[in-house]
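Subject: Structure handover

Hi there,

Here is the structure I promised to pass on to you. Have a look at it first, and then read on for what turned up in it.

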Amino acid sequence: MKKHGGIIYDKEKEILDFSANIHPDGMPDEVARAMQASLKESIHYPDPDCVKLRQCIAKKHDISMKHVICGNGAADLIFHLAFVLKKNKILLPIPAFTEYEEAFYAASRGNISMNYYEMDQKSFLIEEDILDKMDDSVDILILCNPNNPTGQLIDPELLDRIMEKAKRCHIFVLLDECFLDFIVDGKHYSLIPYYQEYPNLFILKSFTKMYGIPGIRLGYGISADMDLIGDIKRTMQSWSVSHVAQAAGIAACSLNEYEEKTAAEVEKNRRWLLERLKKIGFQVWEGSANFLFFRAAGCMDLYDRCMEKGICIRHCNNYRGIGNDYYRVAVRTQADNERLIRILTTWKEGTR
């Protein structure tokens with residue numbers, strides 16, 4: 001069984017979920033109303049081309065609509081992309097979101113060459129030495145910016161050098177920017193304004209996290225390669241994005257300054273949570289996203305301890321390249337964050 005955050009359905013009591021990195025306030029009222037209003041139109045098939053949604057996304061990013069493709073969540077697009085590319089020499093910085101590896105394994109039926117770039121476990125940063133690994137042994141480079149689970153950003157100058165070398169070496173780049181919306185001034189780290197300079201680039205985005213709609217499933221990709229867009233489209237079933245999901249995305253795109261306000265609030269609460277986790281005695285990586293990655297040295301059962309108290313955190317023991325005492329917690333509301341800290345403090349005091 002795949003292990004991700006947000007798997008709380010088999011629990012017997014109500015759980016406060018810190019394992020899924022979703023907007024702390026849930027979905028905006030405007031998005032909820034749009035979905036509710038769309039239900040009466042769901043007697044019809046949804047638009048297979050997501051025309052209005054793609055128009056809204058294109059306007060949001062000031063790009064061409066023809067370079068946008070929508071899917072049933074960002075993970076859905078990862079799998080379609082893997083099946084379309086038909087390349088099996090992958091360079092993957094680790095730790096990383098597990099769906100990347102699973103998608104390319106599935107597409108190649110296990111006939112794959114995975115080259116891992118192991119980030120230094122003191123910083124968990126991608127450094128310049130990744131350029132040395134970008135050679136003939138690599139067809140595809142997968143980057144997540146900021147990284148999941150560490151929250152670390154790639155230095156913008158280094159990212160530029162990576163992209164230039166990838167272009168020279170004919171290496172395809174899958175760049176996951178799904179968590180970039182939660183970062184103050186996150187747009188300055190995005191490659192969306194420059195995507196047309198790199199025909200070997202596919203940028204992955206999602207409505208899931210920022211707009212609190214993981215159960216709706218709505219993601220999109222951006223690429224200047226129209227042949228690639230067309231190939232991905234042909235692998236999809238005709239109605240891959242529901243009418244309700246399209247309505248949610250259209251409404252989300254109309255919310256002015258929502259992302260900026262959210263990023264500022266998350267930054268404030270993340271700072272508070274970071275300092276409290278450090279005070280308890282955990283090794284915490286500062287990161288930049290709406291979650292924090294930390295190590296509870298020698299403690300392999302912190303997930304279970306928290307579940308006993310009605311809180312679900314993310315045990316990172318299925319991420320490649322790290323040990324069994326690493327964890328991740330979402331940044332939630334201040335009241336929720338305080339409850340988490342109380343439980344972790346009580347646990348820590350009980351171990352002394």
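A quick definition before the first finding: a pocket here is an open set of grid points, on a 1 Å grid over the protein atoms alone, with protein on both sides within 12 Å along at least five of seven lines. Please also keep in mind that this is a predicted model.

**The second largest pocket**

With that in hand, the second largest pocket comes out at a volume of about 610 Å³. Its lining is made up of 26 residues, and those closest to the centre are Lys60, His61, Lys187, Glu259 and Glu260. Which helices each supply at least two residues of that lining? They are helix 2 (51-61) and helix 8 (258-280). If you are thinking about the chemistry of the lining, the classes split into eleven nonpolar, ten charged and five polar residues.

**Helix 2 and what follows it**

Helix 2 also packs against helix 7, which covers residues 243-253. Their axes come within 9 Å and cross at roughly 25 degrees, so helix 2 is roughly parallel to helix 7. The crossing is left-handed. On the helix 2 side the contact is made by Lys52, Leu53, Cys56, Ile57 and Lys60, and on the helix 7 side by Gln246, Gly249, Ile250 and Cys253. Five of these contact residues are nonpolar, two are polar and two are charged. You will recognise Lys60 from the pocket, where it is listed among the residues closest to the centre.

In the loop between helix 2 and strand 2 (68-71) you will find Asp62. Its phi is near 55 degrees, a positive value in a residue other than glycine. For context, most residues other than glycine have a negative phi.

**Helix 8 and helix 10**

The other helix named for the pocket, helix 8, runs alongside helix 10 (residues 334-350): the axes come within 10 Å and cross at roughly 5 degrees. Because angles under 35 degrees count as roughly parallel, helix 8 is roughly parallel to helix 10. From helix 8, the residues Asn269, Trp272, Leu273, Arg276, Leu277 and Ile280 take part. They meet Gln334, Asn337, Glu338, Leu340, Ile341, Leu344, Thr345 and Lys348 in helix 10. By class, this contact has seven nonpolar, four polar and three charged residues.

**Helix 3 and helix 6**

How do the axes of helix 3 (residues 74-85) and helix 6 (residues 226-235) cross? They come within 9 Å and cross at roughly 110 degrees, which means that helix 3 is roughly perpendicular to helix 6. This crossing is right-handed. Helix 3 contributes Leu77, His80, Leu81, Val84 and Leu85, while helix 6 contributes Leu228, Asp231, Ile232 and Thr235. Here the classes are six nonpolar, two polar and one charged.

**Two cis peptide bonds**

Lastly, a backbone point for your setup notes. Most peptide bonds are trans. In this model, a cis peptide bond joins Ile94 and Pro95, with omega about 5 degrees. Pro95 sits in the loop between strand 3 (89-94) and helix 4 (98-108). Another cis peptide bond joins Asn145 and Pro146, with omega about 0 degrees. Pro146 belongs to the loop between strand 5 (140-144) and helix 5 (156-168).

Happy to talk it through whenever suits you.

Best wishes

Conventions
Residues numbered from 1 in each chain as written. Predicted model: local features only at pLDDT ≥ 70, side-chain atom pairs only at ≥ 80, totals over all residues. Heavy atoms only, no water. 1 Å grid on protein atoms, 1.4 Å probe; cavity = no way out; pocket = protein on both sides within 12 Å on 5 of 7 lines; lining within 4 Å. Points joined across faces, edges and corners; volume = space filled by probe spheres on them. Helix = DSSP H or I, 4+ residues; strand = E, 2+ residues; numbered from the N terminus. Nonpolar A, V, L, I, M, F, W, Y, C, P; charged D, E, K, R; others polar. Axes fitted to C-alpha atoms, helices over the stretch in contact; angles between N-to-C directions. Parallel < 35°, antiparallel > 145°, perpendicular 65-115°, else oblique. Left-handed = near helix turned anticlockwise from the far one by under 90°. Contact = heavy atoms within 4.5 Å.
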